[in-house]
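Got the viewer open and a selection box ready? Here is a short walk through the model, one stop after another.

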Amino acid sequence: MNFQAPKGVSEYIPPRSAIFEFVREQLCAPAKSAGYRYMELPVFEDTGLFARGVGESTDIVTKEMYTFEDRGGRSITLRPEGTAGVMRAVIEHGLDRGQLPVKVFYSGAYFRAERPQKGRYRQFYQVGIEAIGLEDPLIDAEVIWLADQAFKNIGIRNYRLELTSLGDAESRSLHRKELLKFYETLDLDEATAARAKLNPLRLFDDKRPEMIAAMDKAPVLLDYLNEKSKSHFNKVLQYLDALEIKYVINPKLVRGFDYYTGTTFEFVHTGLGAQSAIGGGGRYDKLMSELGGQDLSGIGWGIGVDRTILAAEVESVIPVDLGNADLFLIPLVTSNGDQKNIQEAAMRIAVELRNSGKVVELAFGDRALKGAMKAADKSGAKYVVVLGENELSSGQVELKTMSTGQTKSVRISDLINNI
Ligand code: HAM
């Protein structure tokens, strides 16, 4: 019986897994540089947390959650996203009672029962950040900068930042009234009307051509912002200008969660086809209190690691030698020589170089030199050294640069300075 991975999961095996590690690190790096702290949270939570946190009107909660009963009869769900879990942990551990803002980042696997296609998986990976406890628009700009900077550090260029504001409760309530009035002029089917009732904004997200056409004249929230919301959003835009971050205002941007308020955004890559959102996020000023915590605002984003890899590959910006060794060291096996001695010496040299931060692969077993050279070549190592009786007694080795085939004579003790 041959087993296969479950349908629609993404997995990374060598050599591509080195790209995964690289991209994930790059996505976390700006957040670390701004003092965000790492969080590692469970991949499953109480189902109620997501029903409440993510929202009953969303596709995620109605169709896409992996929910099951555990052995104790509790309803458990594999996390479809990170924000609700972070809120739960912040409240449970009282982080919100310490220094504000609470600034955290996280990375891991998330689960949504979506129809699999390129860039859309049932288990996928995100890096995310959350900043909790500040209304200052400066933090909105910082949060957006942290994502933008991560993409730029990887070398990704062909994306745009789409941005809008969903305003505060007062603005949304004003808009909601107008939107519901507008819906009365449309001939909505029962299911759509039911969705509109749960969250009227959802219909902006409807991908059916007739709905897109019908929504063309729908009133947009951006036109209903009160002074406070408008001024907050304008300040965010000013800061983004100061940071030289380009954006497109998209008043019809709707994200797949009910928790968003105020600044809301998405990073859209132009070379990925249908699954083009490489990251997205926004403010969620009521989420914490809805989950039983203090009335603190928050903002954050999630970036798809899988899609960022696809984007980086489309733009050919991934470094070529990721994960390859600096040196491949071959203890020379001869028919009559003292092989053990040479292997021990090779091990010592490898240990010393590794402890100095070099990546060193050893040739194992008693393969002939030709086979070992082939292995060295396949490994992608930058340099190769063959260590035999002569080299050991003279203390001098031939250092071969694999890309050019050139060799140079180097003292063993001086290898560290030459690789
Ligand atoms: P999201 O937009 O649902 O936001 O997900 C963030 C990113 O995860 C997406 O832009 C996309 O790149 C990636 N992603 C989502 N679903 C899939 C999938 N099925 N396969 C591959 N990649 C996927 C959130 O999850 C929010 N928690 C972000 C947030 C944090 N908002 C505030 N704080």
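**Stop 1: the five-stranded sheet**

Start by colouring the strands of an open sheet with 5 members, which sit in the order β13-β12-β14-β15-β16 with mixed pairing. Keep in mind as you click that this is a predicted model. The edges are held by β13 (360-362) and β16 (407-411), each of which pairs on one side only. Look along the sheet and you'll see the turn between neighbouring strands, 30° on average with direction ignored.

Now select residues 396-401, which is strand β15: this strand runs antiparallel to β16, and 5 bridges join the two. Want one pair to zoom in on? Pick Val397, whose bridge partner in β16 is Val410.

Next, bring the helices back. Helix α13 (residues 369-379) packs on the sheet and touches β12, β13, β14 and β15. The direction of α13 makes about 170° with that of β12. Then select 339-355 for helix α12, which lies across β12 (327-331), β13 and β14 (383-387). Against β13, helix α12 runs at about 165°.

**Stop 2: zoom in on β12**

Is β12 mostly covered or mostly open? Show its side chains: mostly covered, with 5 of its 5 residues buried. Leu327, Leu329 and Pro331 point one way, while Phe328 and Ile330 point the other way.

Which way do its partners run? β12 is parallel to β13, with 3 bridges joining them, and also parallel to β14, with 5 bridges. For landmarks, find Leu327 opposite Val360 in β13, then Ile330 opposite Val386 in β14.

**Stop 3: the eight-stranded sheet**

Move to the other open sheet on this tour, where 8 strands line up as β1-β5-β6-β11-β10-β9-β7-β8, again with mixed pairing. At its edges stand β1 (37-38) and β8 (248-249); each has a single partner strand, so one side of each is left without a neighbour in the sheet.

Select 102-111 to light up β5, which pairs with β6 in the antiparallel sense over 10 bridges. A handy pair to label here is Phe111 and Gln123 of β6, which stand opposite each other. Then add helix α4 (residues 83-92), which packs on this sheet and touches β5 and β6. The direction of α4 makes about 45° with that of β6.

**Stop 4: the ligand**

Time to show the ligand as sticks. How many residues surround the ligand? The count is 27, and the closest are Glu81, Glu114, Arg255, Tyr260 and Ala277.

Try these three distances in the viewer:

- Glu81: a polar side-chain atom lies 2.6 Å from a nitrogen atom of the ligand.
- Glu130: a polar side-chain atom lies 2.8 Å from a nitrogen atom of the ligand.
- Ala277: here a backbone N or O atom lies 2.8 Å from an oxygen atom of the ligand.

Switch on a surface and see how much of the ligand is hidden: the protein covers 97% of the 660 Å² of accessible area that the ligand has on its own.

Which strand gives the most to the shell around the ligand? That's β10, with 6 residues. Colour β6 (123-132), β10 (277-283) and β11 (298-304) together, since each supplies at least two residues of that shell.

**Stop 5: helix α11**

Select 305-314. This is α11, and 8 of its 10 residues are buried, so the helix is largely enclosed by the rest of the structure. The buried ones are Val305, Asp306, Arg307, Thr308, Ile309, Leu310, Ala311 and Ala312.

What does the covering? Among the elements over those buried residues are α1 (17-33), β6, α5 (137-154), β9 (261-269), β10 and β11. Step just past α11 to Ser316, which takes a positive phi of about 50°.

**Last stop: Asn199**

Finish in a loop. Asn199 sits between α7 (190-198) and α8 (209-214). Is Asn199 buried or exposed? With a relative accessible area of 14%, Asn199 falls under the 20% cut-off and so counts as buried.

A polar atom of the Asn199 side chain lies 3.0 Å from the backbone nitrogen of Leu201. Now hide the neighbours within four places in sequence: the contacts of Asn199 that remain are Ser57 and Asp258.

Notes: Residues numbered from 1 in each chain as written. Predicted model: local features only at pLDDT ≥ 70, side-chain atom pairs only at ≥ 80, totals over all residues. Heavy atoms only, no water. Pairing = 2+ DSSP bridges. Helix = DSSP H or I, 4+ residues; strand = E, 2+ residues; numbered from the N terminus. Axes fitted to C-alpha atoms, helices over the stretch in contact; angles between N-to-C directions. Contact = heavy atoms within 4.5 Å. Buried < 20%, exposed > 50% of the residue type's maximum accessible area, 1.4 Å probe, protein only. Polar contact = N/O pair within 3.5 Å; in protein donor to acceptor, adjacent residues only side chain to side chain. Near = heavy atom within 4 Å. Areas by Shrake-Rupley, 256 points an atom, 1.4 Å probe, with all protein chains shown as cover.
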